[in-house]
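Trainee: I've got a model open and I'd like to practise reading it. Can we go through it with lots of "how do you know" questions?

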Amino acid sequence: MSGIALSNLKKSYGDTDILHGIDLEIKNGEFAVFVGPSGCGKSTTLRMIAGLETVTSGEIFIGDQLVNDVQPKNRGIAMVFQSYALYPHMSVYDNMAFSLKLRKMPPGEVQKRVRSAADTLELTKMLDRKPSALSGGQRQRVAMGRAIVRDPEVFLFDEPLSNLDATLRTQMRAEIKELHQRLKSTIVYVTHDQVEAMTLADRIVIMRGGKIEQSGTPEDVFHNPASMFVASFMGSPPMNLAESTVYDNGAEKGVNINGTVSIISSEDSPLSSKAGDRVVFGIRPEDIVPDFESDINNKNWTASVKVDLIELLGSTKLFHFHIGTNKFIGKAGGRSNIEPGQVISVVMDMRHARYFDPETELIIR
Amino acid sequence: MIFPILQVIEYSFYDNVIVTSDSTFVGFDNYKELAFDPIFWTSIFNTIIFTVGSVVGHLVVGIFLALLINSPIHPVPRAIFRTLLVLPWLFTAVVVALNWQLLLHPFGIINYALKDFGIIDSHVDWLGDESVAMATLLVISIWRGYPFLMISFLSGLQSIDKSMYEAAKIDGAGWFRIFFSITIPQLKPIIYGVALLDLIWTFQLFPLVWLTTGGGPGRATEVLSTYTYRFAFVDFEFSKASTVAVILLTFTAVLTILYLRKGKGKSEI
């Protein structure tokens, strides 16, 4: 098993720069998920690690080996593609055995490995079938089986679940997680789905515009977003963000949103800006709850708001409201008796509030 | 359309049709006569050589050039090459035949070029020498017919999922392995389809052969289609011509049925 290190990795197509210098270390056995919007460079980075794209400048290490000019087959990697990329004219068995046969592995060993992977993935009964006779989930498993049999140092996954329906995606997600726990191999996984990223990753790497915006544990990026982009990208619905002004009357310090609602900051998440400074105030929907459901007893953190809209998600209800021109979303229990148009008192848990610089869009520490 | 075909079949069972009014029913006599005609067997043999040689040539050249113009080169030269390589298909048989006759003339440019490069010692009459006429005719036929296959293969190549090639690369397959284990199996349905179609077309090809060698020298390039024409419009033996035409039709019909069956099978998958 090996870790991966990327050092000032850049990629350009002609005059267009795709990656602007990526520095990242993925530890041995770590499950790293690259997440970001379309065109952020996450797939390009993955393909560069795989050796399917050339490196414009910078270095890629897999283990201790500099692999910039190493052929894909010699990098000790296996890749699962978004389209699965199964060989349609070969049986499931041959799809999985192809790379082993190319390595001139003895037939007995090939059979042993394929059977073992098929057992793990519950594909034993399908070994003679062609991919066209399989369902989407089964094809996905074959693609994973093809990777497993190679016993690679590093697994690379390029949006492997994006062609599956929601139920199957949840199921396969769990299977991939289980696979990682069993194999303990290094995995680099690319997705645009932040739920996938949160559930699978040991470490999330959030990318934007060819740069790493933040890299850290799922808890870290969720609770301590480094920028407004991360705050709004991770979480569904995303963190509420509102331009506001810092006030300080000597005894209390807080933010004034839109000149209408003032909320005092918490010592657990102190506000370092000076009075009069403009900041972007951020708070997650789950930290805004109706007063009657909250066990927080702090009148300084409450506001009276008019509910615009309710979205029932089953176990929870999202309620939308405005403070001035700023739109907010809060979370109530699924059985809460709130209606659109109703005026309710909400509690904002300021212990989890975050403040961002409106110019740099970065968090204010 | 059916009527002329039926009439030709009818003629093949009569003697002295068209040229005289008192034609007589002779049953299978025309067929029997043909069976003992050595030129008929020569023309069958030549037709097979010509057809198989042309089709194999078209397949090999077509796939090779399709791979070339599908490779990631600059779009401008690629567009130019594509256009140039399709050109042979756009000329009529007359133009192709005349062109090649001029090029291959004993005092033509090809002879001079080959002699200058030291490949041949003296000028060769490419279309007039029995030992090389069929090979020469095959070269012309391959040159004229490959573009259709090339274009078919090109569209096939472009529809192959690129990630399959990438997966094969990671699996450790080299160029040849990828070609034989991915590209060819992926193109198989197209290869079958166009090869059969090409067999049907080439089997009954007439103008190119007639206008370049006329079936000669001697009977060196006599194929069933030129043999039919010679019977009909040189010897005015329309009964014999009809008989050969019926035999040609039978062969072509078998190939067509194969082609249609293949198509039907495919649509059922």
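Trainee: Where is Ala85(A) found?

Mentor: Ala85(A) sits in the loop between strand 6 (77-80) and helix 2 (92-102) of chain A. Keep in mind as we go that this is a predicted model.

Trainee: Is Ala85(A) buried or exposed, and how do you know?

Mentor: The cut-off for buried is under 20% relative accessible area. Ala85(A) has 1%, so it counts as buried.

Trainee: What is phi like at Ala85(A)?

Mentor: Phi is positive there, about 55°, although Ala85(A) is not a glycine. Lys104(A) also has a positive phi, near 60°, and that residue is other than glycine too.

Trainee: Where is Lys104(A), and what makes you call it buried or exposed?

Mentor: Lys104(A) is in the loop between helix 2 and helix 3 of chain A. Exposed means over 50%, and Lys104(A) has a relative accessible area of 73%, so exposed is the right word.

Trainee: What is the peptide bond from Ser236(A) to Pro237(A) called, cis or trans?

Mentor: That bond is cis, with omega near -5°. Pro237(A) lies in the loop between helix 8 (228-233) and strand 11 (240-248) of chain A.

Trainee: On to charges. Why is the pair Glu30(A) and Arg203(A) called a salt bridge?

Mentor: The side-chain nitrogen has to be within 4 Å of a carboxyl oxygen. In this pair the closest N and O atoms are 3.3 Å apart, and the salt bridge is there. The pair links distant parts of the chain: Glu30(A) is in the loop between strand 2 (16-26) and strand 3 (31-35) of chain A, while Arg203(A) is in strand 9 (residues 203-208) of chain A, 173 residues apart.

Trainee: Are Glu30(A) and Arg203(A) buried or exposed?

Mentor: Glu30(A) has 11% relative accessibility, so it counts as buried. Arg203(A) has 14%, so it counts as buried as well.

Trainee: What about Arg113(A) and Glu109(A): what separates them along helix 3?

Mentor: They are four residues apart in helix 3 (residues 107-120) of chain A, which means about one helical turn. They form a salt bridge, with the closest N and O atoms 3.2 Å apart.

Trainee: And what are Arg113(A) and Glu109(A) called in terms of accessibility?

Mentor: Partly exposed covers what lies between the buried and exposed cut-offs, 20% and 50%. Arg113(A), with 23%, is partly exposed, and Glu109(A), with 28%, is partly exposed too.

Trainee: How do you know that Glu175(A) and Arg141(A) form a salt bridge?

Mentor: Their closest N and O atoms are 3.1 Å apart, against a limit of 4 Å. This pair also links distant parts of the chain, with Glu175(A) in helix 5 (residues 166-183) and Arg141(A) in helix 4 (residues 136-148) of chain A, 34 residues apart. Arg141(A) is buried, as its relative accessible area is 11%.

Trainee: How many salt bridges are there over all chains, and how many between chain B and chain A?

Mentor: The structure holds 15 over all chains, and two of the kind that run between chain B and chain A.

Trainee: What makes Glu166(B) and Arg47(A) a salt bridge?

Mentor: The closest N and O atoms of Glu166(B) and Arg47(A) are 2.5 Å apart, and the limit is 4 Å, so the pair qualifies. Both residues belong to a network of salt bridges with Lys11(A) and Glu53(A).

Trainee: How many residues are in contact between the chains, and what area do they bury?

Mentor: 16 residues of chain B are in contact with 21 residues of chain A. The two chains bury about 1600 Å² between them, 63% of it on carbon and sulfur atoms. Glu166(B), Ile170(B) and Asp171(B) supply 42% of the area that chain B buries against chain A, more than any other three residues.

Trainee: Last one: what is the secondary structure of chain B?

Mentor: Chain B has twelve helices and two strands. Of its 269 residues, 43% are buried.

Key
Residues are numbered from 1 along each chain as its sequence is written. Chains are lettered from A and ligands numbered from 1 in the order in which they are written. This is a predicted model: local features need pLDDT of at least 70, side-chain atom pairs count only at pLDDT 80 or more; totals for chains, interfaces and linings use all residues. Side-chain values use heavy atoms; hydrogens and water are left out. Buried means under 20% relative accessible area, exposed over 50%, partly exposed in between (1.4 Å probe, protein chains only). Contact means heavy atoms within 4.5 Å. Buried area is the accessible area (1.4 Å probe) that two parts lose on being put together, summed over both.
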